[in-house]
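Trainee: I've got a structure open and I don't know where to start. Could you walk me through how to read it?

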Number of protein chains: 2
Amino acid sequence: MNCEIISVGTEILMGDTVNTNATYISNRLKNLGFFVYYHTVVGDNPGRLKNTIQTAYDRSQMIIFTGGLGPTQDDLTKECVCDFLKLDMVLHKESVDAIKNFFKDREIFRSEENLKQAYFPENAIILKNEDGTAPGCIIESEGRIFILLPGPPKEMSHMFEKEVIPYLSKFIDGTLYSRTLRFFGIGESELVGRIKELIVNQTDPTIAPYAKDYEVTLRVTSGGKDKEKCESLVLGTEKKILEIVGEYYYGDGDTSLEMELHKLLKKYDLTVSAAESCSGGLLSSKIISIPGSSNFFLDGIVSYSNLSKISFLKVEKETLEKYGAVSAETAFQMAKNIRKISNTDIGISITGIAGPAGDNRNDNVGQVFIGIDYMRKMYCYEKNLIGDRIRIMNKAAMWAMFHAIKLINKENE
Amino acid sequence: MNCEIISVGTEILMGDTVNTNATYISNRLKNLGFFVYYHTVVGDNPGRLKNTIQTAYDRSQMIIFTGGLGPTQDDLTKECVCDFLKLDMVLHKESVDAIKNFFKDREIFRSEENLKQAYFPENAIILKNEDGTAPGCIIESEGRIFILLPGPPKEMSHMFEKEVIPYLSKFIDGTLYSRTLRFFGIGESELVGRIKELIVNQTDPTIAPYAKDYEVTLRVTSGGKDKEKCESLVLGTEKKILEIVGEYYYGDGDTSLEMELHKLLKKYDLTVSAAESCSGGLLSSKIISIPGSSNFFLDGIVSYSNLSKISFLKVEKETLEKYGAVSAETAFQMAKNIRKISNTDIGISITGIAGPAGDNRNDNVGQVFIGIDYMRKMYCYEKNLIGDRIRIMNKAAMWAMFHAIKLINKENE
């Protein structure tokens, strides 16, 4: 089926927002066996939007829209599509309730603006939005499929996974088995280079690499009528991939470093605490972002100054003077002492230079030491991270979790 | 001048690459006063590429292409544009030399493939590529301007800055004045509702609302030949907007809550420390993410358990027992004690329930108390935040910064 994606939003044309929605949908459709031939971005302008719909109508069987479903006057996607197809809209009772429910205990519900979001053509399939007020919809008309999704990436992707994919399954012939393998600490081109033989020499399963938020994923997919054969092909390829680059692998599916760490802490009944310098609390906040973390995360200290490293973390003054705040020795003491002070099984420390200018006589931006005290055994990892300040802070916190995951796995083998 | 951007590359349609080139060019053109009305992405397919050129030709005066200038058979942009315009190509001597020079000391020069990159229509303006082998070009034909740029973002952006902007300067007629006002603590529909009169009743300046990352921006823009008039129109409208919703305003332009807080701490020579419970270090990490924060951020404590609130932060046991960890009283003590312990001018605390299930007998997910000890004057703010755990953590940290900004401004009026 020929598909195209139309993203509606002046903010994209102004260069204020990157069109990651089109990337996401394209990637998912590709893996489901659909062909995407065009992306278009058009502003919140009814004339240009209608021309864009006409162009898409003339060449594609499925047209997926993102954006323009909001409550304001300049949110026009649904209105323009219905106008183009000459469809009347009616108030959809369930959506009214869902929107009102969303506004419960919130900012004031503005009936005029928000109820606009509950109008749909009579035969449309309504797509629930659990993350916002704008429901989406699917309109089947004149031999074509129009799928309207909200613009905020999180709302869009959740709706796509929960509502659109089940709808699309009727167009997929046979079954599709897919696994998403997650890697950290290796770049996309390096990873792809190492498994090039596998990628080049086989077409089933396909291996699709994708880099995002400092990690790389490989989606291994096989489709066909025989479900068991698909599964076994995917798992066989997965095994071959992990034989080559398994040292960078940390989990599969809809997971993250913090979720994997959480799973292990729970599994082995371990508690953790963190002492952070250059990452500024980011490691603690990532660990705490997982529900239930109060059971295993006990304390965090952001000791940004040398003074607080001494007063809160009892790092020895001599160590700081002799080796500096950014050193393996300081990282060791920070990890050991936060574990002792908090009385946890694991203590993790991060000290480094996040840049842009060195905060230290050692002007080595990106140098980071990660200390882990795991049941009184000490580990230290030195990194030389590249990027701006926020990137270095993020990577440092992610490396700390990655090493903790590998360590807990190893110690409990 | 009406512009559009055509990005050529199957990898974008496959979802393997995000189209950041279009974002970059759009942003630059906006600031130069050009209007971008469409982005299109099309694959490396001559038929579809030519149809896309035809559509763009019919509606735009300037068409900017990225991608498809490489040495391989499926790099077709230049060929398709010339075919569409019925222009012959000739070998461009300087480009041959540049390409050969590029290959000096590098991978093997492949004459057949690489020389393809040195062919251009006779009257084209050649754009040098200092970062790769593909020169770009500008073709003025049939009253339209075709600008062809390479796909790799670094090559594209360098060429755009060094070669395209000087070319475009001759078309810049008049001026464009724009201000971006940033608001926190109010939803997009609520904000737009409140200033609806202003939005509906005027066309110059325009007011464009946009919601992203828990905040709302309004871009107020005026264009014309008279620079002073544009500025005064924009500033007049800005004044009217702030009279209505100024309580939610925190800054303008390319800024953020953490950057505004940074500016004020620097301006008034203040230091800050943070004691966080439910936000888990996110406030500290946001403050520290700004370069130079070591001058004003001293310490952070993530006291997730009651025990650490007592041991690290010296919160009184009686207070925790009587009022609970999530209370104004606990927030007060946390803010006061972190300020005292760290010896800073300001102490900020956050305690609350990030959910999804209450961690506490008070099962009120989203209830957050923010305490601020500003030069020994105590302030406390109660919030009822909505959303998932990560959303509540983020909003809590942002509210804390927002209140600190408002407070510092007020105290130093």
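Trainee: Let's start with burial. What percentage of the 413 residues in chain A is buried?

Mentor: Keep in mind that this is a predicted model. In chain A, buried residues make up 49% of the 413 residues. The C-alpha trace of chain A spans about 80 × 55 × 40 Å along its principal axes.

Trainee: How many helices and strands does chain A have?

Mentor: You'll find 16 helices and 17 strands in chain A. Now look at who touches whom: of the contacts in chain A between residues at least 6 apart in sequence, 65% join residues at least 24 apart.

Trainee: Okay, helices next. How do I read one?

Mentor: Here's the general idea: an α-helix has 3.6 residues a turn, so residues three or four places apart point the same way. Now try helix α10 of chain A, residues 227-245. Its 19 residues reach 27 Å from first C-alpha to last, close to the 27 Å expected at 1.5 Å a residue.

Trainee: Which residues of α10(A) are buried?

Mentor: They are A:C230, A:L233, A:V234, A:T237 and A:I241.

Trainee: Why do they sit on the same side of α10(A)?

Mentor: Because they cover an arc of only 95° around the axis, these buried residues end up on the same side of α10(A). Turn to the face pointing away from that buried side, and you meet the exposed residues A:E228, A:K239 and A:E243.

Trainee: And what covers the buried residues of α10(A)?

Mentor: The cover includes three strands of chain A, β9 (175-184), β10 (206-212) and β11 (215-224), along with helix α9 (196-201).

Trainee: Where are the domains of chain A?

Mentor: Domain 1 runs over 2-171, domain 2 over 175-252 and domain 3 over 257-411. For domains 1 and 2 of chain A, the C-alpha centres lie 31 Å apart. Their contact takes 4 residues from domain 1 and 7 residues from domain 2. On the domain 1 side, that's 1 nonpolar, 3 polar and no charged residues.

Trainee: How about the two chains? How do I read an interface?

Mentor: In general, the size of an interface is often given as the accessible area lost when the parts come together. Here, let's count residues instead: 60 residues of chain B are in contact with 62 residues of chain A. The chain B side has 27 nonpolar, 26 polar and 7 charged residues.

Trainee: In which sense do the β2 strands of chain A and chain B pair?

Mentor: Antiparallel, over 5 bridges, with residues 35-42 forming strand β2 in each chain. To see one bridge up close, find A:H39, whose partner in β2(B) is B:V41.

Note on methods. Residues are numbered from 1 along each chain as its sequence is written. Chains are lettered from A and ligands numbered from 1 in the order in which they are written. This is a predicted model: local features need pLDDT of at least 70, side-chain atom pairs count only at pLDDT 80 or more; totals for chains, interfaces and linings use all residues. Helices (H or I, at least four residues) and strands (E, at least two) are DSSP runs, numbered from the N terminus. A residue is buried if 20 or more other C-beta atoms lie within 10 Å of its own, exposed if 12 or fewer, and partly exposed in between; C-beta atoms are placed from the backbone. Two residues are in contact if their C-beta atoms, placed from the backbone, lie within 7 Å. Ala, Val, Leu, Ile, Met, Phe, Trp, Tyr, Cys and Pro count as nonpolar, Asp, Glu, Lys and Arg as charged, and the others, Gly among them, as polar. Two strands pair if DSSP finds at least two bridges between them. The expected span of a helix is 1.5 Å times one less than its number of residues. The arc is that of the directions from the helix axis to the C-beta atoms. Domain bounds come from an automatic or database domain assignment.
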